[in-house]
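Dear colleague,

Please find below the structure that I am handing over to you, followed by an account of what was found in it. I should be grateful if you would read the two side by side.

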Amino acid sequence: YDIAYQGNGQDEELSKEQLQLIQQLYERVACYRQALASHDQDFCDHELCRRYLVARQWDLGKAEDQLVSTLMWRAEEQPGKLELWQNPKAFANPLCVNLRVVGLDKEGRPICYTCFAEAHDRWDAEANTLYVFTVLEACQRILRQRRGKGLNKTATSRQCVFVIDFDGFGLRDQNPRSAILTAKLLKHFPEFLNFVALIDAPV
């Protein structure tokens, strides 16, 4: 099933019981998987179930609740049909936002970089959240392609890295709504962020 090595949440191999939980979760959400749009049919696999179980400390009920929430959201809103280049705000003005995938680290993880000073119209919280989503989706596509080539076999190599440059950061950037919307979005991407590097963050 292409389940990640060292994927128990402690950088150790999965136990027999944990593999059984992954299969149980996969079966429990079958009807929700089948409700996904055609472009999203490969979204929910055994590896995704592993991530949700790790995020909920292997509590099957809690992992199921979180995963069902994600699958229902994707089925209703169909966010996965939007390619990164199709993001309406960035398409209208490529200089308005700045977050982008700039390469891979030595483990093959996508590296996402953003700089406040280079995002010229960054104060629309809803539009920015949609843009962050399209970047995360792009990272998932990159990792899915690499997995198809037999790469990124470990759990940590199937995550992404964020580099945030605070050059240009100001009072107007401290909108709590942006943080709230981003937190809600990240609930649909559990165990996907490996680490965040902050450059010149204000103290």
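The lining of the largest cavity divides into seven charged residues, four nonpolar and one polar. Please bear in mind that the model is predicted. The residues in question are Asp42, Phe43, Asp45, Glu47, Leu48, Arg51, Gln140, Leu143, Arg144, Arg147, Arg158 and Phe192. Helices H3 and H6 each contribute at least two residues to this lining, and the largest share, four residues, is that of H6. The space in the largest cavity comes to about 160 Å³. When the whole structure is searched, one cavity of 30 Å³ or more is found.

Helix H3 deserves a paragraph of its own. This helix is mostly covered, with ten of its ten residues buried. They are His46, Glu47, Leu48, Cys49, Arg50, Arg51, Tyr52, Leu53, Val54 and Ala55; among them, Glu47, Leu48 and Arg51 also line the largest cavity. The cover over the buried residues of H3 includes H1, H4 and H6. After H3 comes Gln57, which has a positive phi, near 50°.

I turn next to the nonpolar cores. The largest of them has 20 residues, and those with the most contacts inside it are Leu25, Cys44, Leu53 and Leu67. Helix H1 (16-28), helix H3 (46-55) and helix H4 (60-77) are the elements that give two or more residues to this core. In soluble globular proteins, nonpolar side chains tend to be buried together. Setting aside neighbours within four places in sequence, Leu25 has contacts with Cys49, Tyr52, Leu53, Leu60, Ala63, Glu64 and Leu67. Another core lies apart from the largest one; it has 17 residues, including Ala90, Tyr131, Val132 and Phe162.

The largest pocket may be of particular interest to you. It holds about 940 Å³ of space. Its lining consists of 33 residues, of which Phe116, Val132, Ile164, Ser178 and Thr182 are the closest to its centre. Val132, as noted above, also belongs to the core of 17 residues. Which elements supply at least two residues each of the lining of the largest pocket? They are strand E2 (110-115), helix H6 (125-148), strand E3 (160-165), helix H7 (176-186) and strand E4 (193-199). H6 gives the most, with six residues. By class, 22 residues of the lining of the largest pocket are nonpolar, eight are polar and three are charged. H6 thus appears in the lining of the largest pocket and also in that of the largest cavity.

As to aromatic rings, the count comes to seven pairs. One of them is formed by Phe166 and Phe169: the ring centres are 5.3 Å apart and the planes stand at 70°, an angle over 60 degrees, so the pair is edge-to-face. Phe166 has a relative accessible area of 16% and is therefore buried, the limit being under 20%. Phe169, at 26% relative accessibility, counts as partly exposed because this value lies between 20% and 50%. A further pair, that of Phe189 and Phe192, is tilted, with 6.0 Å from centre to centre and 40° between the planes. Phe189 and Phe192 are both buried. These two residues form one aromatic cluster with Trp73 and Phe133. Phe192 is also among the residues that line the largest cavity.

Two further residues complete this account. Thr114 is found in strand E2. Is Thr114 buried or exposed? With a relative accessibility of 17%, Thr114 counts as buried. Not counting residues up to four places away in sequence, Thr114 touches Asn98, Leu99, Val163, Ile164 and Asp165. Of these, Ile164 is one of the residues closest to the centre of the largest pocket. Asp165 leads on to Ala201: the two are 36 residues apart in sequence, while their C-alpha atoms are 7.5 Å apart in space. Ala201 lies in the segment that comes after E4, and at 31% relative accessibility this residue counts as partly exposed.

With kind regards

Methods
Residues are numbered from 1 along each chain as its sequence is written. This is a predicted model: local features need pLDDT of at least 70, side-chain atom pairs count only at pLDDT 80 or more; totals for chains, interfaces and linings use all residues. Side-chain values use heavy atoms; hydrogens and water are left out. A nonpolar core is a set of buried Ala, Val, Leu, Ile, Met, Phe, Trp, Tyr and Cys residues joined through side-chain atoms within 4.5 Å. Buried means under 20% relative accessible area, exposed over 50%, partly exposed in between (1.4 Å probe, protein chains only). Contact means heavy atoms within 4.5 Å. On a 1 Å grid over the protein atoms alone, a cavity is a set of points where a 1.4 Å probe fits but cannot get out, and a pocket is an open set with protein on both sides within 12 Å along at least five of seven lines; lining residues have an atom within 4 Å of a point. Grid points are joined across faces, edges and corners, and a volume is the space filled by probe spheres set on the points. Ala, Val, Leu, Ile, Met, Phe, Trp, Tyr, Cys and Pro count as nonpolar, Asp, Glu, Lys and Arg as charged, and the others, Gly among them, as polar. Rings of Phe, Tyr and Trp (its six-membered ring) pair if their centres lie within 6.5 Å; planes under 30 degrees apart count as stacked, over 60 as edge-to-face and the rest as tilted.
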